[in-house]
Amino acid sequence: MDARSIIAQVRDRIPLDGHAAEWFARGLASGEVTDAQAGAFAMAVLLNGLGEAGRVALASAMRDSGKLLEWQLPGPVIDKHSTGGIGDCTSLLLAPALAACGAYVPMISGRGLGHTGGTLDKLEAIPGYRADVPVEELYALVADIGCAIVGATADIAPADRRLYAIRDVTSTVESIDLITASILSKKLAAGLEALVLDVKVGTGAFMKSGAEAEALAKSLVRTANDAGCRTMALITDMNQPLAASAGNALEVMEALATLTGDEINQRLWDVTIALGAEALVLADLAESARDGADQLGEALRSGRAAEHFGRMIAALGGPVDFVERYPDRLPAAPVMYGVHAQQAGFIGAIDGLAIGHAVVHLGGGRLKGGDAVNPSVGLSEIMPLGEPVEKGEVIARVHAATEDAAERACAAVVKAMKISAQPPEIPPLIPNRVT
Ligand code: URA
């Protein structure tokens, strides 16, 4: 077997069998498959699809490209994973909140992908934070603190680590087969008992329509349940950034404000509670979603979730007083501009893809593999859909490394945030649930 013939097979729509998937995943992990071959494979999959059997074969082969974690803990091992969005810092609240409710959460996360943000890039905005930890340290952290948000190390699903980075820079992200294999390779390797998926839909998501999001949710839920991990999905709205910030340090700031109760972002709170409640039910830690929501609300309001978060940050190399002093501990960009409404009206539509690209171009994401991310740049105070605005009012703030970059981002945001004469219809925050 060799990479060329496997790529040709997918190009010619010949079903991918388990052996070919295994060979390719092993080759991704060992380096025998080159970057060019991985990019060509990803494009062939994106254009032609793999079919259900091929998708399961690729997810299983990528899972088996590294270590499979095994847990011996007094509570259930669970997680949540998102398909990627803008201003989505839910993981930063949810992992510690679930830990405070008695679950164990080894959250193996990714970096920014395409125009979307990545949890690891956000956490690495915290000075000293180490996202790459060996498996032994992950076991110890989860047992001690209840949660750890880390990267997929060389040990866990290494095939995905490589393919993920290549997809990011070859416009091959938006494929149901590749997203399913990518997410589930990591989640199944993590030895989870239960998993909740946050499948984003809308202008800022990889899946733009409800039908596409539902197809992705069904693919993920079916593949994960077949592999023995109790899984369900919520489809959540990404027709506007989830929180009011997009950018690494800025999102950490907003997540911490909600986590500590300093300033609660309601949409972020609602999505966190909805996903967490489902996770607690799947894990048999709650009798109903209502009960789960109550438990999570208490964990957040009492400060117990924040306490777990603070211990996790300190254990992974961040400041020991991060939860108390987060505004002083996060890097700030040197240039800040307001984006002004060009006319009066309402925030009528937000092009999430354009907002995501604006953040990437500010330096908050990567345009090519290996690019360094600037943690301090991005957007804040992004007005939500339906908000009334006066001409000249600030509808978002740009945080940039240079004045030129700030000006370009302001122009992009003005274009991305349409002002309408009438208030728009606001899409529901959680339009669907897939089991
Ligand atoms: N998250 C992942 O881990 N992989 C994807 O392909 C998309 C989102």
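Select strand 1 in this predicted model, and note that Ile-78, Lys-80 and Ser-82 point one way from the strand while Asp-79 and His-81 point the other way, with all of them buried. The general pattern behind this view is that side chains in a regular strand alternate between the two faces of the sheet. Strand 1 covers residues 78-82, and because five of its five residues are buried, the strand is largely enclosed by the rest of the structure.

Now add residues 194-201, which form strand 4 and pair with strand 1 in the parallel sense over five bridges. To find one of these pairings in the viewer, select Ile-78 together with Ala-194, its bridge partner in strand 4.

Next, colour the chain by domain, using the assignment that gives domain 1 as 3-63, domain 2 as 78-326 and domain 3 as 335-420. The C-alpha centres of domain 1 and domain 3 lie 37 Å apart.

Move on to helix 1, residues 3-11, where Ala-3, Ile-6, Ile-7, Gln-9 and Val-10 are buried. These residues are on the same side of helix 1, because they cover an arc of only 155 degrees around the axis. Turning to the other side of helix 1, you will find Arg-4 and Arg-11 exposed. If you then show helix 2 (18-30) and helix 3 (35-48), you have the elements against which the buried residues of helix 1 pack.

Both ends of helix 1 deserve a stop. At the N-terminal end, Asp-2 acts as a cap, with a side-chain oxygen lying 3.1 Å from the backbone nitrogen of Arg-4. Just after helix 1, select Arg-13, whose phi is positive, at about 60 degrees.

The next stop is the largest nonpolar core, which has 132 residues and in which Leu-138, Phe-309 and Met-417 touch the most other members. Helix 12, residues 266-282, supplies the largest share of this core, namely nine residues. Since domain 2 (78-326) and domain 3 (335-420) both give residues to this core, it lies between them.

Which residues is Met-417 in contact with, leaving aside its neighbours within four places in sequence? Selecting around Met-417 should bring up Ile-347, Ala-349, Ile-350, Ile-355, Ile-382, Met-383, Ile-395 and Ala-396. Apart from this largest core lies another core, of 28 residues, and a selection of Leu-16, Leu-58, Ala-59 and Ile-166, which are among them, will take you there.

Key:
Residues numbered from 1 in each chain as written. Predicted model: local features only at pLDDT ≥ 70, side-chain atom pairs only at ≥ 80, totals over all residues. Heavy atoms only, no water. Domains from an automatic or database assignment. Buried < 20%, exposed > 50% of the residue type's maximum accessible area, 1.4 Å probe, protein only. Helix = DSSP H or I, 4+ residues; strand = E, 2+ residues; numbered from the N terminus. Arc of directions from axis to C-beta. Contact = heavy atoms within 4.5 Å. Polar contact = N/O pair within 3.5 Å; in protein donor to acceptor, adjacent residues only side chain to side chain. Core = buried A, V, L, I, M, F, W, Y, C linked by side-chain atoms within 4.5 Å. Pairing = 2+ DSSP bridges.
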